[in-house]
Amino acid sequence: MDAALYGPGGFYVRPGGPGPAGHFRTSVHASALYAGAVARLLRWVDAELGHPQGLDLVDVGAGRGELLTGVLAALEPETAARVRPYAVERAERPAGLDPRIRWAAAPPEGTTGLLFANEWLDNVPLEIAEDGRYVLVVPDGTESPGGPLDDADRAWLERWWPGAGGAETGRTEIGRARDEAWAAAVASLERGLAVAVDYGHTRDARPPYGTLTGFRAGREVPPVPDGSRDVTAHVALDSCAGPGAVLLTQREALTGLGVSGARPALALASADPVAYVRGLAAAGEAAELTARGGLGDFLWLCQPVGIRAAWPGTATG
């Protein structure tokens with residue numbers, strides 16, 4: 001998985017082409033309302049931090065920088081002037097990107113502000129287990145049984161993937177590497193909020209056969225690790241959570257950040273037809289971002305670092 005995504009010629013690091021947006025559609029690509037919501041979250045973090053002179057915005061798994069570009073456009077000039085935007089991505093910096101955006105291979109250390117990871121952890125490589133043994137795979141996708149699980153991976157499964165999907169029976173996805181990757185990202189923050197948004201599941205509802213799959217050219221395809229496609233698996237986000245973290249659905253998170261699928265008042269159609277059409281379009285985009293059974297079911301893991309709350313309206317005590 002690591003070689004297929006990030007090795008020579010890997011899916012995420014190959015030069016040229018449309019990048020991930022050419023193969024699958026995330027919330028970032030679905031609507032500018034998403035970047036607007038992240039901008040509102042950044043304003044809240046800014047207030048929690050006391051409006052520091054330098055406000056860091058770190059986008060982990062930044063793709064081609066689309067989210068950062070949208071957030072900067074959504075901020076008022078006074079706030080944008082204080083923002084230090086970082087795109088964390090293993091691919092090369094794309095041509096024409098806003099020169100304000102710093103490009104990095106890993107989250108910078110000692111930041112103060114918002115670290116945001118949209119659909120990053122699902123691409124952190126992980127081990128697959130079946131019936132208490134590792135699953136081996138070759139580049140054409142052929143699988144075979146490997147050796148028995150080591151103690152650390154077995155312990156992770158016993159704690160986080162109990163029951164029929166545990167260490168000895170069934171097919172499981174060992175999330176320990178994702179836990180470690182997220183902990184390292186959070187540790188890069190000196191003060192602020194870290195948010196991971198992803199396809200996810202929790203301990204009481206693990207998928208019985210796992211979720212490993214592939215995406216190419218807008219279609220779900222087998223997870224063949226040959227570099228031609230995305231290879232991804234949903235994230236056990238509850239195992240990533242640290243002290244004081246809050247876990248929300250995207251529907252809850254975006255609604256709390258002012259994204260609404262309510263249609264504009266019909267009277268606006270005659271008073272200002274252009275505004276009415278724009279309002280209808282925005283309502284449709286908001287409905288897609290918050291839809292049950294779709295993007296609205298994504299999970300948001302919100303981890304405070306040195307601030308009072310993990311989310312507007314909550315408190316850590």
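Select threonine 202 and show what surrounds it: apart from its neighbours within four places in sequence, threonine 202 is in contact with Asp238, Leu247 and Leu299. Bear in mind throughout that this is a predicted model. Threonine 202 sits in the loop between strand S10 (200–201) and S11, and it is partly exposed, with a relative accessible area of 23%. Now add leucine 237 to the selection. It is 35 residues away from threonine 202 along the chain, yet the two C-alpha atoms are separated by 6.6 Å.

Stay in that loop and select arginine 206, which also lies between S10 and S11. Is arginine 206 buried or exposed? Its relative accessible area is 11%, and because buried means under 20%, arginine 206 counts as buried. Show its side chain and look for backbone oxygens. The backbone oxygen of histidine 201 lies 2.9 Å from a polar atom of the arginine 206 side chain, and the backbone oxygen of threonine 202 lies 3.3 Å from a polar atom of that side chain. Beyond four places in sequence, the contacts of arginine 206 are Trp160, Trp161, His201, Ala236 and Asp238. Asp238 is thus in contact with both threonine 202 and arginine 206.

Move next to the loop between strand S11 (213–216) and strand S12 (219–221), where alanine 217 is placed. Check its backbone angles: phi is positive, about 50°, although alanine 217 is not a glycine. Most residues other than glycine have a negative phi. At 54% relative accessibility, alanine 217 counts as exposed.

A second residue with this feature is aspartate 131. Select it in the loop between S5 and strand S6 (133–137). Aspartate 131 has a positive phi of about 55° and is not a glycine either. Its relative accessible area is 47%, which makes aspartate 131 partly exposed.

From aspartate 131, widen the view to the sheet. Select S7, S6, S5 and S8, which in that order form an open sheet of four strands with antiparallel pairing. Which strands stand at the edges? They are strand S7 (143–148) and S8; each has a single partner strand, so one side of each is left without a neighbour in the sheet. On average, neighbouring strands here are turned by 40° against each other, direction ignored.

Trace the pairings one by one. S5 and S6 run antiparallel and are joined by two bridges; alanine 129 stands opposite tyrosine 134 in S6. On the other pairing, strand S5 (residues 127–130) and S8 are antiparallel over four bridges, and glutamate 127 has isoleucine 174 of S8 as its bridge partner.

Colour strand S8 (residues 171–174) by residue. Both of its faces are covered: Arg171 and Glu173 on one side, and Thr172 and Ile174 on the other, are all buried. Then add helix H6 (residues 151–160), which lies across S5, S6 and S8 and runs at about 110° to S8.

The last stop is a helix pair. Select helix H3 (residues 32–48) and helix H4 (residues 66–74), which pack at an angle of about 65° with their axes 8 Å apart. H3 passes H4 in a right-handed crossing. To see the contact, show Tyr34, Ala35, Gly36, Val38, Ala39, Leu42 and Arg43 of H3, together with Leu67, Gly70, Val71 and Ala74 of H4. Coloured by type, the residues of this contact are eight nonpolar, two polar and one charged.

Notes. Residues are numbered from 1 along each chain as its sequence is written. This is a predicted model: local features need pLDDT of at least 70, side-chain atom pairs count only at pLDDT 80 or more; totals for chains, interfaces and linings use all residues. Side-chain values use heavy atoms; hydrogens and water are left out. Axes are lines fitted to C-alpha atoms, for helices over the stretch in contact, and angles run from 0 to 180 degrees between N-to-C directions. A crossing is left-handed if the near helix is turned anticlockwise from the far one by less than a right angle, and right-handed if clockwise. Contact means heavy atoms within 4.5 Å. Ala, Val, Leu, Ile, Met, Phe, Trp, Tyr, Cys and Pro count as nonpolar, Asp, Glu, Lys and Arg as charged, and the others, Gly among them, as polar. Buried means under 20% relative accessible area, exposed over 50%, partly exposed in between (1.4 Å probe, protein chains only). Two strands pair if DSSP finds at least two bridges between them. A polar contact is a pair of N or O atoms within 3.5 Å; within protein, one must be able to donate a hydrogen and the other to accept it, and residues adjacent in sequence count only if both atoms are side-chain atoms.
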